[in-house]
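Here is a brief report on one protein model. Read it with the sequence and the 3D view at hand.

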Amino acid sequence: GSITTDKMGLVYMLKRYVRTVLLVSYLCVLSGFGSQSLETVERNSLPVKGQMPSYTSTPAHQTAVQVTEIPGAEMCPCNAQCTVLPPACMKCKTNYSCVYGKQVAFDCEVNPGVQCTDEKKPNQTRFTLNMTCQFCWQLPPSEYVCTNSTNCMTVSCPLKRYNATCTVLDHVHCIGNRVFPKMLPCNWTGGYKWSTALALSITLGGFGADRFYLGQWREGLGKLFSFGGLGIWTLIDVLLIGVGYVGPADGSLYI
């Protein structure tokens with residue numbers, strides 16, 4: 001009888017142990033501890049909004065194309081005559097021992113990526129350039145452009161000058177720096193017309209219209225309140241504007 005009682009007690013304890021294990025497992029599944037649910041796996045596998053998905057696979061055949069661009073080559077004409085290429089497209093072996101004003105020949109080579117044609121054969125890279133022996137600052141004014149100044153007085157004695165920066169035109173060849181400083185006379189204009197100023201001085205000069213037009217408002221007020229200096233000031237202004245002695249107040253030239 002005692003053995004039967006012991007067996008029954010052992011079975012009872014085993015059932016309680018199994019129930020406890022099942023209860024703990026059930027609680028773990030509910031809390032998500034120790035495992036990862038299917039919803040969590042699916043959410044982690046989806047790409048984030050605004051982010052491209054990454055792929056680890058690479059294509060079997062991949063060809064890399066590399067394009068080499070040469071700086072300044074796009075500015076040079078293709079297969080043009082060598083002697084008409086801009087100076088930025090070539091390099092010439094110049095020297096300062098030539099005689100000024102005489103024709104001289106220099107050996108030149110085009111920049112990498114530039115090709116030109118010659119009278120003999122195409123696709124040339126070396127050629128001879130004939131030009132006049134002179135520095136860039138010795139060129140005539142028609143072969144370079146300079147900056148203008150709007151701060152100097154054009155109507156002054158002696159004539160004022162200003163420091164300008166000049167650049168040689170692309171089709172002109174010369175020796176030395178193609179950008180150089182130069183002193184130039186003040187010759188800028190503010191848009192005032194000499195004919196308009198003279199017409200206003202003759203017709204409405206007694207009211208100071210000519211002076212107002214030229215930007216000289218103090219003299220214009222003086223003529224307005226003095227009725228043109230009783231006609232004397234008006235007559236004098238007609239003569240001064242006619243000969244160009246009186247000009248715009250900003251110091252510019254007439255058109």
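A residue counts as buried when its relative accessible area is under 20%. By that cut-off, both Cys 136 and Cys 174 are buried. The model is a predicted one.

## Overall make-up

The protein has 255 residues, and 24% of them count as buried. Its secondary structure comes to seven helices and eight strands. The exposed surface is about 19,000 Å². Carbon and sulfur atoms supply 61% of that area.

Contacts across the sequence also deserve a look. Take those between residues at least 6 apart in sequence: 57% of them join residues at least 24 apart.

## The three-stranded sheet

Three strands form an open sheet. Their order is β2-β3-β5, and the pairing is antiparallel. β2 and β5 are the edge strands, each pairing on one side only. From one strand to the next, the twist averages 40°. In general, strands of a sheet pair through backbone hydrogen bonds, either parallel or antiparallel.

How many bridges join β2 to β3? There are three, and the two strands run antiparallel. Here Cys 92 stands opposite Cys 108 of β3. On the other pairing, β3 (residues 103-110) and β5 are joined in the antiparallel sense over seven bridges. One point of reference is Val 104, whose bridge partner in β5 is Met 131.

## Two faces of β5

Strand β5 covers residues 126-132, and its side chains alternate. Phe 127, Leu 129 and Met 131 point to one face and are buried. Arg 126, Thr 128, Asn 130 and Thr 132 point to the other face and are not buried. Met 131, the partner of Val 104, thus sits among the buried set.

Asn 130 is worth a closer look. This residue is found in strand β5. Is Asn 130 buried or exposed? Its relative accessibility is 57%, so Asn 130 counts as exposed. Exposed here means over 50%. Setting aside neighbours within four places in sequence, Asn 130 is in contact with Gln 103, Val 104 and Ala 105. Gln 103 is 27 residues away along the chain, yet the C-alpha atoms of Asn 130 and Gln 103 are separated by 6.7 Å.

## Disulfides

The structure holds five disulfides. Three of them are described here, among them the link of Cys 82 and Cys 116. In that pair the sulfur atoms are 2.0 Å apart. The angle about the S-S bond is 85°, and the link is right-handed. Cys 82 lies in the loop between β1 (80-81) and β2 (90-92), while Cys 116 lies in strand β4 (residues 116-117), so the pair ties together parts that are 34 residues apart in sequence. Cys 82 and Cys 116 are both buried.

Cys 98 and Cys 133 form another disulfide, at 1.9 Å from S to S. The torsion about their S-S bond is about 70°, so this disulfide is right-handed. The pair links distant parts of the chain, 35 residues apart. Cys 98 is in the loop between β2 and β3, and Cys 133 is in the loop between β5 and β6 (144-146). Why does Cys 133 count as buried? Its relative accessibility is 5%, and the cut-off for buried is under 20%.

## The Cys 136 link

Cys 136 is joined to Cys 174 by a disulfide, with 1.9 Å from S to S. This link is right-handed too, with 80° about the S-S bond. Which parts of the chain does the pair link? Cys 136 is in the loop between β5 and β6, and Cys 174 is in the loop between β7 (161-168) and β8 (179-185). These distant parts are 38 residues apart. As stated at the start, Cys 136 and Cys 174 are both buried.

## Helix packing

Helix α5 spans residues 217-225, and helix α7 spans residues 232-242. Their axes come within 10 Å and cross at roughly 140°. α5 and α7 are therefore oblique to each other; roughly antiparallel would need an angle over 145 degrees.

Which residues make the contact? From α5 come Glu 219, Gly 222 and Lys 223. From α7 come Trp 233, Thr 234 and Asp 237.

Definitions and conventions. Residues are numbered from 1 along each chain as its sequence is written. Side-chain values use heavy atoms; hydrogens and water are left out. Buried means under 20% relative accessible area, exposed over 50%, partly exposed in between (1.4 Å probe, protein chains only). Helices (H or I, at least four residues) and strands (E, at least two) are DSSP runs, numbered from the N terminus. Two strands pair if DSSP finds at least two bridges between them. A disulfide is a pair of cysteine sulfur atoms within 2.5 Å. Contact means heavy atoms within 4.5 Å. Accessible areas come from the Shrake-Rupley method with a 1.4 Å probe; for residues, only the protein chains shown count as cover. Axes are lines fitted to C-alpha atoms, for helices over the stretch in contact, and angles run from 0 to 180 degrees between N-to-C directions. Angles under 35 degrees count as roughly parallel, over 145 as roughly antiparallel, 65 to 115 as roughly perpendicular and the rest as oblique.
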